[in-house]
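Me: I should like to examine how certain descriptions of this model are justified. Please take each description together with the criterion behind it.

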Amino acid sequence: MTQTFLARLARLQNLVASLGDELLIVQGFENISYLTGFSGNAATLLVMPTKAVMITDYRYYQRALAETKDIDVVQRDRDNETLGACIARLAGSNLRVGFEAAHFNVAQWQGIASELNAAQLNPRTDLVESLRRIKDANEIDCIRQAAGIADSALAHTLARIKTGITERELAIELDYQMQLRGSNGTSFNTILLFAERSALPHGNPGDKQLREGDFILIDFGAVVNGYRSDMTRSYVWGQPSAEQQAIFDTVQKAQQAALNAVRPGISAHDLNAIAHEVLQASPFAQYAGEGLGHGLGLFLHEIPFLKPGVQYQLEAGNVITIEPGIYIPDLGGVRLEEDIVVTENGYECLTHAPQQFILGG
């Protein structure tokens with residue numbers, strides 16, 4: 001993997017140089033992991049034309065030395081040297097400096113900037129993220145493994161559903177089963193909602209008990225080596241009403257229409273429009289979710305985003321979600337979400353849990 005990280009750094013160095021910067025300060029932990037292999041969450045990476053230097057502290061110094069190769073690792077004495085002073089000491093002064101604007105808070109950056117003695121300070125966004133859009137074979141395999149863990153954990157958890165169980169109890173069981181199968185924590189806080197609460201796209205599990213005829217919405221993911229899966233399934237406990245079945249069928253049809261259109265070269269805007277057209281032609285048009293999906297990797301939500309106005313054309317190696325939904329207040333919601341990797345001829349689906357609608361009954 002050493003050559004992989006060096007190649008990633010080289011691509012970033014070329015990108016930074018093309019923007020006219022002599023130094024890029026990388027602060028996003030996931031971005032540092034992508035570029036170096038470091039798995040800690042307290043570091044700053046200085047990317048310069050011919051080298052990279054990682055700054056960390058005593059808690060992570062030995063770990064950084066063990067996990068990274070061919071970059072300098074510096075242990076900063078946090079009590080006696082500020083981060084800004086350390087960067088200035090290592091990189092020099094009077095430089096054109098780019099920094100990851102999305103990964104610093106205002107107070108933190110103001111303190112650093114005041115000590116850099118830079119010729120120019122340039123906020124940069126999505127530089128490393130743009131490199132991460134295309135996943136290599138190892139990255140895809142990590143997401144595939146995470147999706148497999150989630151598939152297996154869901155199957156186990158569904159067998160334990162019963163009338164009267166609470167959202168929170170079921171969510172805890174699902175999270176436990178993922179970690180029991182090797183997940184490094186959870187991809188995000190599991191969304192598990194019953195009945196009318198399933199109309200909350202990102203609600204938190206509570207004490208609501210499951211009753212006959214309730215919708216069940218489960219959105220969750222596992223993590224392998226920092227790479228995340230993200231899957232949603234929707235069910236009804238018992239026999240669905242005609243309206244519930246129609247909602248599910250509409251969402252499933254919209255998702256399949258989008259999947260059928262996935263290929264290199266189609267724009268995010270156009271792919272979203274294909275699913276949206278199905279939703280808008282249904283009786284539930286006013287309750288349709290706005291976007292279709294997002295990139296997936298070290299971030300749960302990363303570029304490309306599949307929504308109106310995004311003209312990025314899909315490329316082989318993109319890992320994205322396809323997740324149309326309908327959310328009706330006081331009734332409930334349905335979302336179906338798959339993780340897929342775009343291939344030269346279409347796509348490969350990484351999530352495999354069945355899209356059954358009826359549970360129990």
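Me: What makes the span of helix α8 close to the expected one?
Reply: In this predicted model, α8 covers residues 167-180, which is 14 residues, and reaches 20 Å from its first C-alpha to its last. The expected span is 1.5 Å times one less than the number of residues, and for α8 this gives 20 Å, to which the computed reach is close.

Me: Which residues of α8 are called buried, and on what criterion?
Reply: They are E167, L170, A171, L174, D175, Q177 and M178. Each is therefore under 20% relative accessible area. These residues lie on the same side of α8 because they cover an arc of only 160° around the axis.

Me: What covers that buried side, and what does the opposite face carry?
Reply: The cover of the buried residues includes α7 (137-158), β7 (191-194) and β8 (215-220). The face turned away carries I172 and L180, which are exposed, a term that requires over 50% relative accessible area. Just after α8, G182 takes a positive phi of about 115°.

Me: Why is one residue in the lining of the largest cavity counted as polar?
Reply: The lining consists of L23, I87, A88, A91, G92, L95, V97, L116 and A118. Because Gly is classed as polar, G92 is the polar one; the other eight are nonpolar and none is charged. Helix α4 (residues 83-91) gives the most to this lining, with three residues.

Me: What makes one residue of the second largest cavity's lining charged?
Reply: Among the lining residues is E290, and Glu counts as charged, so E290 is the charged one. The lining also has four nonpolar and four polar residues.

Conventions: Residues numbered from 1 in each chain as written. Predicted model: local features only at pLDDT ≥ 70, side-chain atom pairs only at ≥ 80, totals over all residues. Heavy atoms only, no water. Helix = DSSP H or I, 4+ residues; strand = E, 2+ residues; numbered from the N terminus. Buried < 20%, exposed > 50% of the residue type's maximum accessible area, 1.4 Å probe, protein only. Arc of directions from axis to C-beta. Contact = heavy atoms within 4.5 Å. 1 Å grid on protein atoms, 1.4 Å probe; cavity = no way out; pocket = protein on both sides within 12 Å on 5 of 7 lines; lining within 4 Å.
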